[in-house]
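This report concerns helix packing and aromatic contacts in one protein model.

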Amino acid sequence: MRAAGATQARAASFYDAIGGEATFRRIVHRFYELVATDDLLRPMYPEEDLGPAEDRLRMFLEQYWGGPTTYSEQRGHPRLRMRHAPYPVGPAARDRWLAHMRVAVEDAGLAPMHQATLWDYLERAAHSLVNTFEEPGA
């Protein structure tokens, strides 16, 4: 006799539960729409076009939340602190990043539990990337 639930598909990942690639694509695209006109954050993106940064963040978030492993296949280990080290990420930049991401997440229309789960991670990640307390122009 089979164990209960053996014929059921695996439990959905967070990635699947919130709508997969389409949802992450919407969130990250909205975020970068806001970054594109931000005087503090925009200079941190060396590409003329924000498209490559948008793709990297989307792939990273998809992988983190149980989606495809494309990020690691293309870029290796995320090493977030190392990848952000060349850019001065102070409290103001962190707060601006979080403000734009808050808009993007809220615009996605996630269920409250999913929004809270995603937001908790994004806040912790943003705080972990602060690498200076000197603010630009100070």
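The following paragraphs treat one helix pair and then one group of aromatic residues.

The model is predicted, with local features requiring pLDDT of at least 70 and side-chain atom pairs pLDDT 80 or more, while totals for chains, interfaces and linings use all residues. Residues are numbered from 1 along each chain as its sequence is written, and side-chain values use heavy atoms, without hydrogens and water.

Helix H2 (residues 20–35) packs against helix H3 (residues 51–64) at an angle of about 140°, the axes being 9 Å apart. H2 is therefore oblique to H3 (neither under 35 degrees, nor over 145, nor 65 to 115). The crossing of H2 over H3 is right-handed. On the H2 side, the contact (heavy atoms within 4.5 Å) includes Phe 24, Val 28 and Tyr 32, and on the H3 side Leu 57 and Leu 61 are among the residues met. Seven nonpolar, one polar and five charged residues make up this contact.

The structure holds 10 aromatic pairs (ring centres within 6.5 Å; tilted if the planes are neither under 30 degrees nor over 60 degrees apart). Phe 14 and Trp 65 form a tilted pair, 4.3 Å centre to centre with 40° between the planes. Phe 14 lies in helix H1 and Trp 65 in the loop between H3 and helix H4 (70–75), 51 residues apart. One aromatic cluster comprises Phe 14, Phe 60, Tyr 64, Trp 65, Tyr 71 and Tyr 121.

Ser 13, in the segment before helix H1 (14–17), is in contact with Trp 65 and Gly 66, leaving aside neighbours within four places in sequence. The table lists buried residues (under 20% relative accessible area, 1.4 Å probe, protein chains only).

| Residue | Relative accessible area |
|---|---|
| Ser 13 | 14% |
| Phe 14 | 15% |
| Trp 65 | 12% |

Terms used: Axes fitted to C-alpha atoms, helices over the stretch in contact; angles between N-to-C directions. Helix = DSSP H or I, 4+ residues; strand = E, 2+ residues; numbered from the N terminus. Left-handed = near helix turned anticlockwise from the far one by under 90°. Nonpolar A, V, L, I, M, F, W, Y, C, P; charged D, E, K, R; others polar. Buried < 20%, exposed > 50% of the residue type's maximum accessible area, 1.4 Å probe, protein only. Phe/Tyr/Trp six-rings, centres within 6.5 Å; stacked < 30°, edge-to-face > 60°.
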